[in-house]
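Work through the exercises below with the model open. Try each task before reading its solution.

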Amino acid sequence: MDKTTLQQTIQRWYRANRRPLPWRDETDPYRIWVSEVMLQQTQVTAVMPYYQKFLARFPTVAALAAAPVDEVLKAWEGLGYYARARNLHRAARDIVARFDGRLPQTRSELLTLPGFGAYTAGAVASIAFGEPVPAVDGNVKRVISRLFAIEDDITTAPGRNRIQAIATEMARTAAVSAEWTQALMELGAVVCAPARPRCLLCPAGNGLCRARAAGLAESLPVKPRKKPVPHYNVAAGVIYKTTTGPEFLIAQRPLEGMLGGLWEFPGGKQEPSETLPHCLQREIREELNIEIAVDGPVTVVNHAFTHFKITLHAFFARLIDGCPQKIGVANWAWVTLETIDRFAFGRADRKIIAALRRLAAENTLQVGNFRDLKV
Ligand code: SF4
């Protein structure tokens, strides 16, 4: 197949069919960078409400760098994969310190910043600065594996190398790098979908795509079979003091790692042969060095993360001894339902807050009721 014809056909299709998204035709490298980070592992429809709001709050690299990380996490709350927000913030500080507040213009310099892997560096370098380098994410891997009927497993070195070589060559030969990078992404997002590629609507569907010609469109790319997703039971405490009104203890997760820097109702994973109340007492002792008595359940939340699922069992729990200490947590705070929204929480904990608000609406959120409460 003639790669030039293929490339020109896809670019023509892109010019005529691209979706009018808020970051299209953007020329500010900072705004392009934010859009690329938000779009990783996240659907366009989920990103839309966050993009403009985030940029209104942090309009420049300098504004982002000057903000506390808690504010950045709050602006990111609900978008998921919070390491992206923490890295965006770290990189903004690095750009201010080392590059006078302006994003460096080459892929190799971008790669020196926190959170910039090959994909983000390639995307920003090509879209913002026109450098002829590829940006290979899962979408682009899928599109290239189909266009060129690559039957190697794309998670192995031979598969990865073949795709990378084709992507690099095509980035070099593209007339306009920014347009080519976005055209490939758009084809993967809109037409060459993972489960059901829409070959009849595809600019390459009429003889240019090798997978389509060979009847392989739906069986590519080749990937190893998915492992079963593990499931864990997790206990969380809505901990209160008997001496005050409904004030609850929340804890901030350590800044590194999953959901790092977000706030939560403290608790943790149930060990084998442990009841949920015992699990909660152990976790609270280990993380905060306080003793609690576990009361009635608040709610049960099922939640799926990328590599595992949890059932989160939230209980009311009385503080019976000690003052919280930062042992396994970055911070802690006593909050009410009026003040809790100042803090950034993950989705599962937001459902616990919603359950507490339902109780408050029924007028049953009173300390004396917690031992018998069932939601
Ligand atoms: Fe994907 Fe089908 Fe287009 Fe090939 S023809 S690139 S498989 S949508």
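The exercises cover ring pairs, charges over rings, and one strand with its partners.

The model is predicted: local features need pLDDT of at least 70, side-chain atom pairs count only at pLDDT 80 or more, and totals for chains, interfaces and linings use all residues. Residues are numbered from 1 along each chain as its sequence is written, and side-chain values use heavy atoms, with hydrogens and water left out.

**Exercise 1.** Classify the aromatic pair of Trp 263 and Phe 343.

Step 1. Take the criteria: rings of Phe, Tyr and Trp (its six-membered ring) pair if their centres lie within 6.5 Å; planes under 30 degrees apart are stacked, over 60 edge-to-face, the rest tilted.

Step 2. The structure holds 9 aromatic pairs. For Trp 263 and Phe 343, the centres are 4.8 Å apart and the planes meet at 65°, an edge-to-face pair.

Step 3. Place the partners. Helices (H or I, at least four residues) and strands (E, at least two) are DSSP runs, numbered from the N terminus. Trp 263 is in strand S3 (residues 263–264), and Phe 343 is in the loop between strand S7 (331–335) and helix H14 (347–361), so the pair ties together parts 80 residues apart in sequence.

Step 4. Check burial (buried is under 20% relative accessible area, exposed over 50%, partly exposed in between; 1.4 Å probe, protein chains only). Trp 263 is buried at 5%. Phe 343 is buried at 18%.

Step 5. Contrast another pair. Phe 305 and Phe 308 have ring centres 5.1 Å apart and planes at 35°, so this pair is tilted.

**Exercise 2.** Find which charged ends sit over the rings of Trp 334 and Tyr 232.

Step 1. Apply the test: NZ of Lys or CZ of Arg within 6 Å of the ring centre and within 35 degrees of the ring normal.

Step 2. Lys 241 sits over Trp 334, 4.5 Å from the ring centre. Lys 269 sits over Tyr 232, at 4.2 Å.

**Exercise 3.** Describe the surroundings of strand S2 (residues 248–252).

Step 1. Of its 5 residues, 5 are buried, so S2 is largely enclosed by the rest of the structure.

Step 2. Sort the directions. Phe 248, Ile 250 and Gln 252 point one way; Leu 249 and Ala 251 point the other way.

Step 3. List the pairings (two strands pair if DSSP finds at least two bridges between them). S2 runs antiparallel to S1 (residues 231–240), with 2 bridges. S2 is antiparallel to S7, with 5 bridges. S2 is also antiparallel to S3, with 2 bridges.

Step 4. Match residues. Tyr 240 stands opposite Phe 248, Leu 249 opposite Trp 334, and Gln 252 opposite Trp 263.
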